[in-house]
Amino acid sequence: ASLAGHLGLNGETEMDLVEAYIGEIDSLMTSLRLPKTFAEAGIKEEAFLQQVDDIALNAFDDQCTIANPRMPLVSELKEV
């Protein structure tokens with residue numbers, strides 16, 4: 001919500017600001033012709049699901065993960 005405010009987006013509630021920010025990201029991705037889903041990027045669901053465990057473990061081991069306000073569990077990263 002604070003990012004939306006810095007960008008000058010409007011909203012009456014925090015959720016309004018979050019939704020406005022998401023809308024801006026969506027518009028930017030459209031204008032840049034970026035895929036919005038793994039499927040649009042040509043990644044098949046089966047191939048992705050086979051790699052989820054490794055992806056979550058790599059995310060957990062990434063040096064930037066410790067900068068999060070709370071250290072996530074590998075199982076939580078899999079859900080993301």
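User: How much accessible surface does the protein have, and what share belongs to carbon and sulfur atoms?

Analyst: In this predicted model, the accessible surface of the protein comes to about 6,800 Å². Carbon and sulfur atoms account for 56% of that surface.

User: What percentage of the residues count as buried?

Analyst: A residue counts as buried when its relative accessible area is under 20%. Of the 80 residues here, 9% meet that test.

User: Which secondary structure elements should I look for, and in what order?

Analyst: The protein has 4 helices and 0 strands. Read from the N terminus, the elements run α-α-α-α. The radius of gyration is 16 Å, well over the 12 Å that the globule rule gives for 80 residues, so the protein is more spread out than a compact globule. The C-alpha trace spans about 40 × 30 × 20 Å along its principal axes.

User: How is the length of helix H2 read?

Analyst: Compare the distance from first to last C-alpha with the one expected at 1.5 Å a residue. H2 covers residues 14–31, which is 18 residues, and reaches 26 Å, close to the expected 26 Å.

User: What follows H2?

Analyst: Arginine 33 follows H2, and its phi is positive, near 60 degrees.

User: Among contacts between residues at least 6 apart in sequence, what share join residues at least 24 apart?

Analyst: A contact here means heavy atoms within 4.5 Å. Of the contacts between residues at least 6 apart in the protein, 5% join residues at least 24 apart.

User: How many charges of each sign are there, and how far apart are their mean positions?

Analyst: The protein has 5 positive and 15 negative charges. Their mean positions are 8 Å apart.

Methods:
Residues are numbered from 1 along each chain as its sequence is written. This is a predicted model: local features need pLDDT of at least 70, side-chain atom pairs count only at pLDDT 80 or more; totals for chains, interfaces and linings use all residues. Side-chain values use heavy atoms; hydrogens and water are left out. Helices (H or I, at least four residues) and strands (E, at least two) are DSSP runs, numbered from the N terminus. The radius of gyration is taken over C-alpha atoms; the globule rule is 2.2 Å times the number of residues to the power 0.38. Buried means under 20% relative accessible area, exposed over 50%, partly exposed in between (1.4 Å probe, protein chains only). Accessible areas come from the Shrake-Rupley method with a 1.4 Å probe; for residues, only the protein chains shown count as cover. Lys and Arg count as positive and Asp and Glu as negative; His and the chain ends are not counted. The place of a charge is taken as NZ of Lys, CZ of Arg, CG of Asp or CD of Glu. The expected span of a helix is 1.5 Å times one less than its number of residues.
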